[in-house]
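Here is a protein to look over together, one piece at a time. Have the sequence and the picture handy as you read.

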Amino acid sequence: MRLVQVTIPAGKRETVLSELDDEGIDYVLTEETSGREFTGVVSFPLPTTAVEPVLDRLRETGIDEDAYTIVVDAETVVSRRFEQLEERYDEDEETDKRIAREEIHARARELAPDFWPYLVMTVVSAVVATAGLLLDDAAVVVGSMVIAPLIGPAMATSVGTVVDDQGMFRRGVKLQALGLAVAVVAATLFAALMRVTNTVPPGTDVFMIGQINIRLAPDFLALVVALGAGVAGGVSLATGVSATLVGVMIAAALVPPLGVIGIAIAWGRPAPVFSASVLVLVNTLSINLTALIVLWYMGYRPDHWFREDDARLATRKRIVALAAAILVLSAFLGVVTYDSYRTASFEQEVRGDIDALLDQPEYDRLTLLDVRFRYDDPVPPRQPTRVTIVAGGTGDGSNPNLARPLERRIDEALGDLALPEPLGSPNDVQVRVRYVEMETA
């Protein structure tokens, strides 16, 4: 529920009070003694869903923007008329179950932080995320998401579009672009420092670190996460729910990939830079798209009807532009999704061939311990370059020739999967067998 205070312009007192009486609203009128053009201040409680329609009706009585309106949270209201008013709006199916336009505008403005705090928090979150990625520590990566101030600019951009506030829209876009750029620079400088000072041991393949590797091959599931984050952001903003947890979800879609971009730049690897950059762009655009659609669908419009057509046109243009950009970038996600299916099928077939081979009598004393696959690049499309089999055996120490028949079976698996160039001949995949002597008692 909300407590609303409105200043009444001279000559509008009876009209405003009559409107409140018609609505069945309890109010308190205070005389205005400042000598300005206002004759009084009226205070009244309202259900949250009633704030926007009541303020719109009061605006129609002649209360203009020169009069100030204050809307604050109210913990408890003891009033029979208020209870009746609340029941009426709860039963009204046409009433939107959302906070008022004025409230969401104020919340979006508050969520978009000032320049320097936003800059500092973005740098800190990017550095912490990069450290967590290099440490392969999920807890540290999650901590970087908590402090990332990225929800505000995205929501400000969407709210500015639907209510036709071009200043808020431009500020949201600028803060998003600034945040992404600053995060990449901070992550790059920190990763380069870690590499130069040998904090990361020389020779370490950082792109095989779990927290980094999973963000080098984003598939369509990554798009689902970003779309869900945008929907959650729009709904939480429109319903007055705390945006803190949603902010973490949005940061989860953006901060770790930004850290991967910085690491890839510091290690001089353009392919991972491209892959992580696509992920960041897809996630950013998807969050903006879904938040914009949610807010427009929930009925947010400019406060003046003659600006609604401009807002509708701007919203449609931006939805089309965002959807087109996401569609183009999703081509890479499609490649990754297909590559994941292809490599998973290859690995499954190879494992099946190994099991079938070891079932033959001449290999009955061998036990399969592990199968490892190595690819030419962490970024799809990937080509297998090595298959390493670890087998344990007991006996006189002599080992049967397992590599050659496995190579033939893997050649057949590669042919069945129709792997694209530049794989070359099937012999490009090296087969290694490591024997481990086992003793049983």
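## Helix α10 and its ends

Asp219 caps the N-terminal end of α10, with a side-chain oxygen 3.1 Å from the backbone nitrogen of Leu221. Keep in mind as you look that this is a predicted model. Helix α10 itself takes in residues 220-239, 20 residues in all. From its first C-alpha to its last it reaches 29 Å, close to the 28 Å expected at 1.5 Å a residue. Just after α10 comes Gly240, whose phi is positive, near 80°.

Which residues of α10 are buried? They are Ala222, Leu223, Ala226, Ala229, Gly230, Gly233, Gly234, Ser236, Leu237 and Ala238.

## The annotated spans

In an unreviewed entry, UniProt places the feature "transmembrane region" at residues 115-135, 141-163, 175-196, 216-238, 245-267, 273-298 and 319-338. Take residues 216-238 from that list: in the model this span is 83% helix and 0% strand, and its end C-alpha atoms are 34 Å apart. Residues 273-298 come out at 96% helix and 0% strand, with end C-alpha atoms 38 Å apart.

## Helix α8 and the turn before it

Helix α8 runs over residues 166-196. How far apart should the ends of its 31 residues be, at 1.5 Å a residue? The expected span is 45 Å, and the end C-alpha atoms are 45 Å apart, so the two agree.

At the start of α8, a side-chain oxygen of Asp165 comes to within 3.2 Å of the backbone nitrogen of Gly167. Asp164 sits in the loop between α7 (151-162) and α8. Its phi is near 60°, a positive value in a residue other than glycine. Buried or exposed: which is Asp164? Asp164 has a relative accessible area of 17%, and the cut-off for buried is under 20%, so Asp164 counts as buried. Past the other end of α8 there is Asn198, with a positive phi near 60°.

Asp136 also has a positive phi, near 55°, and is a residue other than glycine. You'll find Asp136 in the loop between α5 (115-135) and α6 (138-146). With a relative accessible area of 40%, Asp136 is partly exposed.

## Aromatic pairs

How many aromatic pairs does the structure hold? There are three. One of them joins Phe115 and Trp116 edge-to-face, 5.0 Å centre to centre and with 80° between the planes. Phe115 is partly exposed, at a relative accessible area of 39%, while Trp116 counts as exposed at 59%.

Phe346 and Phe373 make another edge-to-face pair, 5.9 Å centre to centre with 70° between the planes. This pair links distant parts of the chain: Phe346 is in helix α13 (residues 308-358), Phe373 is in strand β5 (residues 366-375), and they are 27 residues apart. Phe346 is buried at 2% relative accessibility, and Phe373 is buried too, at 17%.

## More from helix α13

Thr343 lies in helix α13, and Ser340 has its place there as well. The backbone oxygen of Ser340 is 3.2 Å from a polar atom of the Thr343 side chain. Thr343 has a relative accessible area of 6%, so it is buried; Ser340, at 26%, counts as partly exposed.

What does Thr343 touch, leaving out residues up to four places away in sequence? Its partners are Tyr375 and Arg382. For a sense of distance, the C-alpha atoms of Ser340 and Val120 are separated by 38 Å, and these residues are 220 residues apart along the chain.

## A contact at helix α1

Glu23 has its place in helix α1 (residues 13-23). At 11% relative accessibility, Glu23 counts as buried. A polar contact of 3.5 Å joins its side chain to that of Arg57. Apart from neighbours within four places in sequence, Glu23 is in contact with Arg57, Leu85, Arg88 and Tyr89.

## How sure is the model?

The protein averages a pLDDT of 83, and 90% of the residues score at least 70. Over residues 421-427, pLDDT stays under 50. For that stretch the model has ten contacts beyond four places in sequence.

Key
Residues numbered from 1 in each chain as written. Heavy atoms only, no water. UniProt positions renumbered as here; feature names shortened; annotations may be inferred. Helix = DSSP H or I, 4+ residues; strand = E, 2+ residues; numbered from the N terminus. pLDDT = per-residue confidence, 0-100. Contact = heavy atoms within 4.5 Å. Expected span 1.5 Å × (residues − 1). Buried < 20%, exposed > 50% of the residue type's maximum accessible area, 1.4 Å probe, protein only. Polar contact = N/O pair within 3.5 Å; in protein donor to acceptor, adjacent residues only side chain to side chain. Phe/Tyr/Trp six-rings, centres within 6.5 Å; stacked < 30°, edge-to-face > 60°.
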